[in-house]
Amino acid sequence: MVCFCFLVDQTRQVRRSKPAAGSCSRCGSGASVADMKTATRFCYVPFYWKSWRAIICTYCGAVLRSYN
């Protein structure tokens, strides 16, 4: 009998950010526009990257809106 076990994880990283008008709907703190990078790894080897822009909360880190 053969059993395969694979480890897949996904990391999200903020590359740049700047302040934006508005506030978070969850905690009421300020918001910022950020350039995000998502990396998906398979057995510790990165095989997929995606760059995108999002409006995130500066306090709780919630993604309020995302743009592709």
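In this predicted model, Asp 9 is partly exposed, with a relative accessibility of 26%, and its side chain meets that of Arg 41 in a salt bridge, with a distance of 2.8 Å from N to O. The partner, Arg 41, is likewise partly exposed, at a relative accessible area of 27%. Distant parts of the chain are linked by this pair, since Arg 41 belongs to strand β2 and Asp 9 to strand β1, 32 residues apart. Side chains of opposite charge can pair when their charged atoms come close.

Across the whole structure, the search finds 3 salt bridges. Asp 35 pairs with Arg 16, where the closest N and O atoms are 3.6 Å apart; because Asp 35 lies in strand β2 and Arg 16 in strand β1, this salt bridge ties together parts that are 19 residues apart in sequence. Asp 35 also forms a salt bridge with Arg 53, with the closest N and O atoms 2.9 Å apart, and here strand β3, which holds Arg 53, is linked to strand β2, which holds Asp 35, over 18 residues. Arg 16, Asp 35 and Arg 53 are thus linked in a network of salt bridges. Within this network, Asp 35 is buried, with a relative accessible area of 15%, whereas Arg 16 is exposed at 54% and Arg 53 is partly exposed at 41%.

The largest nonpolar core consists of 5 residues, namely Ala 34, Met 36, Trp 52, Ala 54 and Ile 56. Strands β2 (30–42) and β3 (45–57) each supply at least two residues of this core, and β3 gives the most, with 3 residues. Apart from its neighbours within four places in sequence, Ile 56 is in contact with Val 14, Gly 30, Ala 31, Ser 32, Ala 34, Ala 62, Val 63 and Leu 64.

On the surface, a nonpolar patch is formed by Phe 6, Val 8, Phe 42, Phe 47 and Tyr 48, which together have about 530 Å² of accessible area. Of these residues, Val 8 is placed in strand β1, which covers residues 8–23.

The cysteines were examined for disulfides, and the count comes to 0. The sulfur of Cys 24 is 3.8 Å from its closest cysteine sulfur, that of Cys 57, and is therefore too far away for a bond, given that a disulfide requires sulfur atoms within 2.5 Å. The sulfur of Cys 27 also has its closest cysteine sulfur in Cys 57, at 3.5 Å, which is again too far for a bond. Cys 24 counts as buried, at 5% relative accessibility, while Cys 27, at 37%, counts as partly exposed.

Note on methods:
Residues are numbered from 1 along each chain as its sequence is written. This is a predicted model: local features need pLDDT of at least 70, side-chain atom pairs count only at pLDDT 80 or more; totals for chains, interfaces and linings use all residues. Side-chain values use heavy atoms; hydrogens and water are left out. Patches are made of residues with over 30% relative accessible area and no salt bridge: like charges are joined within 9 Å, nonpolar side chains (Val, Leu, Ile, Met, Phe, Trp, Tyr) within 5 Å. Accessible areas come from the Shrake-Rupley method with a 1.4 Å probe; for residues, only the protein chains shown count as cover. A salt bridge is a side-chain nitrogen of Lys or Arg within 4 Å of a carboxyl oxygen of Asp or Glu. Helices (H or I, at least four residues) and strands (E, at least two) are DSSP runs, numbered from the N terminus. Buried means under 20% relative accessible area, exposed over 50%, partly exposed in between (1.4 Å probe, protein chains only). A nonpolar core is a set of buried Ala, Val, Leu, Ile, Met, Phe, Trp, Tyr and Cys residues joined through side-chain atoms within 4.5 Å. Contact means heavy atoms within 4.5 Å.
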